[in-house]
Amino acid sequence: MTKITFHGGVNEIGGNKILIETSATRIFLDFGLSFAKFGRFYTDFLQPRVCNGIGDYLELGIIPDIEGIYRNDLLANEGRKTFEKPEIDGILLSHAHADHCSNISLLHKDIKIFCGETSKIILKALQETSPGMFYYDFYFYKENFVNRSKKPEIERSFHTFRTGDKIKIGDIEVEPIHVDHSIPGAYGFIIHMPNGCLAYTGDVRLHGPKGFMTKEFVEKASKERVDILLCEGTKINEEERGLSEEQVYSKLKEIINKTENLVFANFQIKDVDRLNSFFRACEECGRELAIPTKLAYLMKELEKDKRLQIPRLGDVKIYLQKSGWGRYLPEDYSKWERDLLKYEFVTAEDVSKSQSKYVVFMDFYDLKELINIKPKEGSCYIFSTSEPHDEEEMIDFNRLNNWLKHFHLPLHAVHTSGHANAEDIKEIVKDIDARKVVPIHTEHPLMFKKFFDNVIIPEENKSISIY
């Protein structure tokens, strides 16, 4: 008998932690942060206590209380039993979005992480550009969070794959197949077990620039006799497919062409499709794209993936914020930022003097730069990321609007989702034709029952079986 237990991704968008157990093997599909659970208790200025290790997460139910999977240094701090070897055989990581990967930082250092080559690059870049707390240790690992400075960095046990590979984990065989999502290196999985076959979509869309990859996953799965399809349903309640990325590019170009002075851009730094769209629009409109150091560092690392088509650092300008004493000197910046200073960069002063020349990346946390840039009348702000979907995000969005109103910047919303809509989900499910369909990664699982007769609604911390 094979058992599937849902420790996350149930009645919520993200937080996927799905445990598959056969008689010989235990693996997790993703191990992501539940924004819903985390957000019930924490916000920007109220965070889990580092000194309490993993205790706050367990007490509040943000992560499942399962023996043999977490870091020994964090368990020991709580007076809990530690384990020389982990009690699971690996994590199958579909992609490097926080709601699928972030809680890997809490896991035992010897747990194997199976992921695409691009996801590994992204995880490494994210950790190197993030604060050194233990909850960022999803690539490098440092034992003893109390005195981390004296501990060497240890790379976690990564095993990378590409489409066409087959991975053997105990008595389970996994076929990873690329899918299209709003981050590179996203995969779905076809999982062969001793007494059944499971397909896991990860996060998918058909309307993106590489929708053909999702269709390849669906076609491959349709040729198997899939017993259980774990299908994401983020947009199952939405009929509209939304814009294509090419339509996004056209709208960006139109807005930039009509704007006399500065254009500010807000998009997810891991969304390379949107990066490409802004870069193309800038080229067509005779402008230069100025990006933050975090995005520049990620681009530099992603150059290692020769199959990925993105601009090179020499093709853009790096927007350098003041740091330290505000002198723009190497010693004022982190080591990873100092490595970027050999490329062309611009400052607030440079941008302020040549406002019709640039499109400047500016997300919520960069808004203070407006004070130094002083945008002129005839500038605008392009909001090219997901709309707020909860109370906290709406509060931040209102703050964003206060900044824009203060500096007289009209807002243009131009975006397309990384997730399939209802019609595309129906197509995916129909074509795979699994024996049973389990909706995950959705706040509306019951919507699946409107369209399909073979739906199992999962419950958190409950199991279903494949016989």
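Start with helix 6 in your viewer: it lies across strand 10, strand 11 and strand 12, and runs at about 145 degrees to strand 10. One thing to keep in mind as you click around is that this is a predicted model.

**Stop 1: Thr 214, in helix 6**

Stay on the helix, which covers residues 211-222, and pick out Thr 214. Is Thr 214 buried or exposed? Its relative accessibility is 0%, so Thr 214 counts as buried. Show its side chain and look for the backbone oxygen of Arg 205: a polar atom of the Thr 214 side chain lies 2.8 Å from that oxygen. Now bring up the neighbours. Leaving aside residues up to four places away in sequence, Thr 214 touches His 178, Val 179, Asp 180, Val 204, Arg 205, Leu 206 and Ile 428.

**Stop 2: the sheet under helix 6**

Next, select the open sheet of 6 strands, whose order is 9-10-11-12-13-21 and whose pairing is mixed. At its edges you'll find strand 9 (167-169) and strand 21 (436-440), each pairing on one side only. On average, neighbouring strands here are turned by 20 degrees against each other, direction ignored.

Zoom in on strand 11, residues 187-193. Of its 7 residues, 6 are buried, so strand 11 is largely enclosed by the rest of the structure. On one side, select strand 10 (residues 172-178), which runs antiparallel to strand 11 and is joined to it by 6 bridges. His 178, which you met as a contact of Thr 214, stands opposite Tyr 187 in strand 11.

Now add strand 12 (residues 196-200), which pairs with strand 11 in the antiparallel sense over 5 bridges. The two strands are joined by a hairpin through 2 residues. To check the register, select Ile 190 and look opposite to Ala 199 in strand 12.

Keep going to strand 13 (residues 228-232): strand 12 pairs with strand 13 in the parallel sense, over 3 bridges. Here Leu 198 stands opposite Ile 228.

**Stop 3: helix 14 and Asp 424**

Which strands does helix 14 lie across? Select strand 13 and strand 21 and you'll see the helix over them, running at about 170 degrees to strand 13. Within helix 14 (residues 422-432), click on Asp 424. Asp 424 has a relative accessible area of 4%, so this residue is buried. Its side chain makes a polar contact of 2.9 Å with the side chain of Arg 241. Beyond residues up to four places away in sequence, Asp 424 touches Leu 206, His 207 and Arg 241. Leu 206 may look familiar, as Thr 214 touches it too.

**Stop 4: the parallel sheet**

Move to the other sheet: 7 strands in the order 17-16-15-18-14-19-20, forming an open sheet with parallel pairing. Its edge strands are strand 17 (345-346) and strand 20 (411-413), each pairing on one side only. Pick strand 19 (residues 380-383) and you'll find 3 bridges to strand 20, in the parallel sense. Among the residues to label there are Tyr 381 and its bridge partner in strand 20, Leu 411. Then turn on helix 9 (residues 293-302), which lies across strand 15 (288-291) and strand 16 (317-319) and runs at about 100 degrees to strand 15.

**Stop 5: the rings**

Finish with the aromatic side chains. How many aromatic pairs are there? The count comes to 16. Take Phe 31 and Tyr 70 to begin: their ring centres are 6.3 Å apart and their planes are at 65 degrees, so this pair is edge-to-face. Phe 31 is in the loop between strand 3 (26-29) and helix 1 (35-41), while Tyr 70 is in the loop between helix 2 (55-59) and helix 3 (72-77), so the pair ties together parts that are 39 residues apart in sequence. Both Phe 31 and Tyr 70 are buried.

For a stacked pair, select Phe 267 and Phe 278, which are 5.1 Å centre to centre with 20 degrees between the planes. Phe 267 is in the loop between strand 14 (263-266) and helix 8 (272-285), and Phe 278 is in helix 8.

Go back to Phe 31 and add Lys 17, whose charged end sits over the Phe 31 ring, 5.6 Å from its centre. Arg 280 does likewise with Tyr 249: its charged end sits over that ring, 3.7 Å from the centre. As a last selection, try Phe 161, Tyr 187, Phe 189 and Tyr 200, which form one aromatic cluster.

Definitions and conventions
Residues numbered from 1 in each chain as written. Predicted model: local features only at pLDDT ≥ 70, side-chain atom pairs only at ≥ 80, totals over all residues. Heavy atoms only, no water. Helix = DSSP H or I, 4+ residues; strand = E, 2+ residues; numbered from the N terminus. Buried < 20%, exposed > 50% of the residue type's maximum accessible area, 1.4 Å probe, protein only. Polar contact = N/O pair within 3.5 Å; in protein donor to acceptor, adjacent residues only side chain to side chain. Contact = heavy atoms within 4.5 Å. Phe/Tyr/Trp six-rings, centres within 6.5 Å; stacked < 30°, edge-to-face > 60°. Lys NZ or Arg CZ within 6 Å of the ring centre and 35° of its normal. Pairing = 2+ DSSP bridges. Axes fitted to C-alpha atoms, helices over the stretch in contact; angles between N-to-C directions.
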